[in-house]
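Student: I would like to go through this model with you and ask how each statement about it is backed up. Shall we look at it together?

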Amino acid sequence: MTQVIRSPKMYDVCVIGSGAGGGMAAKVLTEGGLTVALLEAGDPVNPDKDYKMFLWPYDLAHRGVGVGGRAAENFGEFLAPNGAWKIDGEPYTSAPGANFQWFRSRIVGGRTNHWGRIALRYSPIDFRSRTRDGIGEDWPIRYEDVAPYYDKVESYIGVFGSKENLSSAPDGVFLPPPKPRCTELVVKKACDRLNIPCIPARLAILTKPLNGRPSCHYCGQCDRGCGTASNFSSSQVLIPPALQTGKLTLIPHAMAREIRVGADGKASGVSYIDKTTLTEKRISARAVVLAASACESARLLLNSKSRLFPDGLANSSGQVGRNLTDSVGSDGEGYFPQMEKMPPHNHDGTGGMHLYIPWWKYARQNDFPRGYHIELGGGREMPGAGMFDDLCGEFEGYGASLKATCRKRYGTTITFSGRGEMVPNPDTLCEIDPEVVDQFGIPVLRFQFKWSEYELRQAKDMQETFRAIVEAVGGRYLTRTQTDGPYPFGIQPGGKIIHEVGTARMGADPKTSVVNGYCQSHDVKNVFVADGGPLVTNPDKNPTLTIMALSWRASEYLLDEAKKGNL
Amino acid sequence: MGESKSEAKIARSISRRDVLRNIAVGAAAGSLLQMIPAKAAELAHEMIQKEKAASPAGKYAPKFFPAHQYQTLLLLCDAILPKDEVSGGAVEAGAPEFIDLLTSENEEYQSILGGGLMWLDNFCTDRYEHPFLSCALEQQKEVLDLIAYRKNADNDATLSQGIAFFAKLRSMTCDGFYTSKIGTEDLKYIGNTALATFPGCPALPE
């Protein structure tokens, strides 16, 4: 690196990361009149070429499992591009026993290209959990502060759902939900018998045309990326309008390394590595919005050490990287003999479930705090590699009987995914590894992670519920879990649910939090965090919708402050 | 589907990209163009098949397994999922090609499957003085009936490696078969297409 290339241009804002939070910030800020440089560590995305909508497994030589079968562990070859648990040249480490898993997408739009589109609002109590049960922290803002932004986000991106008046799952601005699948009706029947609610899911997929985007065509392949932009992704729904303002400069292949600070203690811009030339470049900006994902933004703050900020930027509280949580995840599946009688029919629907089970035991005394929801899957899905792994795992013999058994069993399995709230604990965090750097010379993250009794008991409750639902309609519960070992009751390793948040917690007190209620750094007023970092709690609501609502709110605040000359 | 000649001609002259574009236009513009999304998936698949047919490789040349082992693999795959009154067998479905390709790229598979095929021949040579391929049909069946059942290891521990090999091969043969067109049709999967509305569940059985 012989020479640092400085851009002569001064931008109003440099946004780091183009996923849910960064895409939203770029849109709101440019539409508000500010010039924005948007840094993305990955490639540009070209939906026509990169999304594999409508392909069959046999259209690809590797039938969907990728070279050496290795794409299978990254959700298969069909997944929208550049998402992986491991990225060549960009390692992360785990403290002994932590086994944290970190899924990153190096591409414009980030993980919104392939995400599950589950778009759930936090409930009022999710912002005041400590007040309710004495555990963790309350948010400095309330549901009422965020609700108008939930309205705006849902109206803009399009979310289907139904009005249910459940206190644990507030209603939103909904498009009509699609009709339930057979498998979901079977589960609903079981739930009715058990007095468990089973209601239309809330997904960011269009069931009616919206803002020039056509309605869903029900191919069931949202995770591949949508050729018609009928589901939400930042790359197709947020970045294009931002580009249209003429005020956005999108810079791909830009790996942010450090936020630079001026003598006045304010951020003056961002240093990044241009991955295509391996040279360092600099962007000058009046404000910086970090939206690189909760852990990547924490890494960037911790790596931005200076004379003024020896422990990293915005970290006088020492809380950057702490309070990390992922969702509690435990899965199960049941065999439903009645499904064998179903005639062949199109089961695809939207990508993801049409019905789900929201948290329902909120008014009861449980042996764990907080709650979980249950996602449904299975049925007559497109056949793919691994579909008969479980069957093969117990099948004896070969030949005509194996073929007949696969035929009979196809479509008879329903899967259940419990997704619940983890409470932050002092043993779970990310920090800078003292020895390891990535291929760009940037110190990498080291994770510590521990499930507490709270989460283990929750996973146990999930398993018991799955079994009860399956057996309530004469099914056979197939999942066997251990009661001991590192992952009892099927609880997934930390990070596996890809809901990692909390690493730049918001709060009213600068001594115990990183940002204020507007996602603005307490220490450095022109630095904002607009990804999952500021989330104080990680309830059983997938975080993306809340990330976008908070990013929109923070961006409006930033616009106001810019107008007042406060940055 | 009753595709007319002129439609087939159009299909040849447009790219997959155009097809995907048309879906967006069709769904937004209303009834007249609704037929285009319904055709789109089919056209996209057709184009890929044509690209494949245009490539010079007519007969598959194994990338990993030597000829003798590949012949054994063909026999085993069709024994695991044979042709029946509903559909063709695993070989017709391309399972051996799929298995060979993945194995050529994965050391773990090389040791389980490559080593497993060697084990099979050693076992047959010890027992019948011939490798598996040269054994009589009833001898081949006798061996498969030994290694296709996990419980046989309880009586004869020397079978356990063969049983582990066969279990992996059974699972990979299923993957190869059910990711093929033949396997997909065998299961009567309906979908991977564009619909104007989702019809829901036909009628739930009791």
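Student: How do you know that the span of helix H4 (residues 143–157) of chain A agrees with its 15 residues?

Tutor: Helices here are DSSP runs of H or I with at least four residues, and strands are runs of E with at least two, both numbered from the N terminus. The expected span is 1.5 Å times one less than the number of residues. For the 15 residues of H4(A) that gives 21 Å, and the end C-alpha atoms are 20 Å apart, so the two agree. This is a predicted model: local features need pLDDT of at least 70, side-chain atom pairs count only at pLDDT 80 or more, and totals for chains, interfaces and linings use all residues. Residues are numbered from 1 along each chain as its sequence is written, with chains lettered from A and ligands numbered from 1 in the order in which they are written.

Student: Which residues in H4(A) are buried, and what makes a residue buried?

Tutor: A residue is buried if 20 or more other C-beta atoms, placed from the backbone, lie within 10 Å of its own; it is exposed at 12 or fewer and partly exposed in between. In H4(A), Val146(A), Tyr149(A), Tyr150(A), Val153(A), Glu154(A) and Ile157(A) are buried. An α-helix has 3.6 residues a turn, so residues three or four places apart point the same way. The cover over the buried residues of H4(A) includes helix H6 (234–237) and helix H12 (544–564) of chain A. After H4(A) comes Gly158(A), with a positive phi near 85°.

Student: Why is chain A called as compact as a globular protein of its length?

Tutor: Chain A has twelve helices and 18 strands. Its radius of gyration, taken over C-alpha atoms, is set against the globule rule, 2.2 Å times the number of residues to the power 0.38. Chain A has 23 Å, close to the 24 Å that the rule gives for 567 residues, so chain A is as compact as a globular protein of that length. Of those 567 residues, 58% count as buried.

Student: What makes S6 and S17 of chain A edge strands?

Tutor: Two strands pair if DSSP finds at least two bridges between them. The open sheet has six strands in the order S6-S12-S13-S14-S11-S17 (chain A), with antiparallel pairing. Strand S6 (199–200) and strand S17 (476–477) of chain A each pair on one side only, and these are the edge strands. Two bridges join S6(A) to strand S12 (residues 355–357) of chain A, and Ile199(A) has Tyr356(A) as its bridge partner in S12(A).

How values were computed:
Contact = placed C-beta atoms within 7 Å.
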